[in-house]
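Hi,

Here is the structure I said I would pass on. Have a look at it first, and my notes on what turned up follow below.

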Amino acid sequence: MTEEVAVLGAGMHPWGKWGRNFTEYGVAAARAALIDAGLEWRDIGAIIGADTVRGGYPGYVAGATFAKALGWQGARVTSVYAACASGAQAIEAARAQILAGLADVVLVVGADAAPKGFFRPAGGDRPDDPDWLRFRILGATNPVYFGLYARRRMALHGDTPDDFAQVKVKNSAMGALNPFARYRGRVTAEEVAGSAVVADPLRLLDICATSDGGAAVVLSSMEFARGHGQAEPVRIRAVSTVTPRYPNTVLDLPEIATDSAVAVDPPEETFRRSITRTAYEEAGIGPEDLSLAEVYDLSTALELQWYEDLGLCGEGEGVKLLRDGATALGGRIPVNVSGGLASFGEAVPAQAIAQVCELSWQLRGEAGDRQVVGARVGITANQGLFGHGSAVIAVR
Amino acid sequence: MVAGWFTGEGDDFRLLGTRCSACASVFFPREDHHCRNPDCGGGELAPVPLSRRGRVWSFTDSRYRPPSPYVTDPELSWEPCAFIAVELEPERMVVLGQAAPGITVAELAVGLEVEVVPGVLHEDAETTWTTWHWRPTGVTA
């Protein structure tokens, strides 16, 4: 088990389509997290940014962009790119610096201004990029993959489109209680069924939008937290950033094919399962200890898959858990009480940090109308392009 | 735009991957430089045709026009395009592809047998870009 680090502060910029530069969202989130921590920017020894593309500049930038906007003060700087797991890897880098004694208190920031419509690869002819290839050769958007996973669940487990819709109904009801969420309206199953099919069997309201948004956390050593008057802060006990194991036999974004299992038998567990198991092992806890989970619901069907990959239920039993109300607010293990991506949309470098913000507020008992009563242990789960994934476990 | 991903014509049309001479791992899209099996010391990667037939692992479609770099004619209305992920038993792998033109999700089911057929990705005045399509066996164009 690894030593813990303290979450001293959490902050967000509301998600939406604001049409401004990503730096504005990141700085707003950073300032909110600093205020929440009771610290000044000058107190921060290191800043870590989860990367995005700066419009018109051929590169991924973040840490230094936020440091400059907040005012150069000489902090150590790091930038991290890991697709959807960028925020979690930024948190992991902060934790490593703290535990190594390189910094006492670290600011982690992620923000993005997402384009409208489908995500698409950067421009130019780039046949060495699997993300470019799947668009150029197949026209396979992200929802195409979500549709494949959903249809596979229907064939294997008997899930139905109405089951998927019930995930949206649940998440939108909780997102309606979250002032940082982009979508604040409750959605009915009829509204999901009445929305246009995007990628069979998934409809528009089954699939998360792209958004602008920002999130930040201030992390510190336990010693610094106690010196700062925080005797019992929220602590991060595990950060899982494992890669898949060969052969990866589940078709993953952005690949056109899986690995072949002809020479090596597939690992006993899928990549998603290995992400969460690693976090459980590092934290020394199991799914039965959880008070809540924040998972990457890129589609409604994918949230059901996470129930199983988190070990909340057996394989194929995700729908039963949902129907029993276990994953709703007030249930045995509420999932996505923030409203999830269903209510936020994707602001890629910010999302994994936003999940940890939600855990922090929940574990402090400061989540208002969406508070999970008596929350003590929370987990996040996330998966992104190119074999990236993450899970963070926080405790109080 | 990508060289050597398929070969042959008509009934001889095949997807082309590569196979490691040391561990027999198969790769598609073709891997020409390094065997990706972490336990393999590395061998020569030689081209190998993939199975012509497989079974549907899953399927879906795209009801909205994909963004570039996919090439479509914005003057024409978008016709939904079906996708099929196909499990190839001998290679123990899943390969995604567009369904042959005219095939809709209504005609597909997980487990259905499909075969690879040559297809046209798009064409302009100078060039026809060819590709592979998956088509249920017994269906003729």
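Let me begin where the two chains meet: chain A and chain B bury about 3800 Å² between them, and 64% of that area is on carbon and sulfur atoms. On the chain A side, A:R136, A:I137 and A:L138 lose the most area to chain B, together 18% of what that side buries. Keep in mind while reading that this is a predicted model.

In terms of residues, 40 from chain A are in contact with 46 from chain B. The interface has its polar side too: 16 residue pairs are in polar contact across it, counting pairs with both residues at pLDDT 80 or more. Which parts of chain A each supply at least two residues to the side that touches chain B? They are α4 (130-138), α5 (142-157) and β7 (197-199). The largest share comes from α5(A), with eight residues.

There are also two salt bridges across the interface of chain A and chain B. If you want one to click on, try B:R36 and A:D259, whose side chains meet in a salt bridge at 2.9 Å, N to O.

Now for chain A by itself. UniProt, in an unreviewed entry, lists residues 276-392 of chain A as "domain: Thiolase C-terminal". Over that stretch the chain is 39% helix and 15% strand, and its end C-alpha atoms are 9 Å apart.

One helix to look at is α13(A), residues 348-364. Its 17 residues should span 24 Å at 1.5 Å a residue, and the end C-alpha atoms are 26 Å apart, which agrees. Is this helix enclosed or open? Of the 17 residues of α13(A), 16 are buried, so the helix is largely enclosed by the rest of the structure. Right after α13(A) comes A:G365, which has a positive phi, near 75°.

Last, a single residue. A:N336 sits in the loop between α11 (318-323) and α12 (340-344) of chain A. Is A:N336 buried or exposed? Its relative accessible area is 0%, and buried means under 20%, so A:N336 counts as buried. What is A:N336 in contact with, leaving aside neighbours within four places in sequence? The list is A:K170, A:N171, A:M174, A:A293, A:E294, A:V295, A:D297 and A:E303.

That's what I have for now.

Cheers

Technical notes: Residues numbered from 1 in each chain as written. Chains lettered and ligands numbered in written order. Predicted model: local features only at pLDDT ≥ 70, side-chain atom pairs only at ≥ 80, totals over all residues. Heavy atoms only, no water. Helix = DSSP H or I, 4+ residues; strand = E, 2+ residues; numbered from the N terminus. Expected span 1.5 Å × (residues − 1). Buried < 20%, exposed > 50% of the residue type's maximum accessible area, 1.4 Å probe, protein only. UniProt positions renumbered as here; feature names shortened; annotations may be inferred. Contact = heavy atoms within 4.5 Å. Buried area = accessible area lost by both parts, 1.4 Å probe. Salt bridge = Lys/Arg side-chain N within 4 Å of Asp/Glu carboxyl O. Polar contact = N/O pair within 3.5 Å; in protein donor to acceptor, adjacent residues only side chain to side chain.
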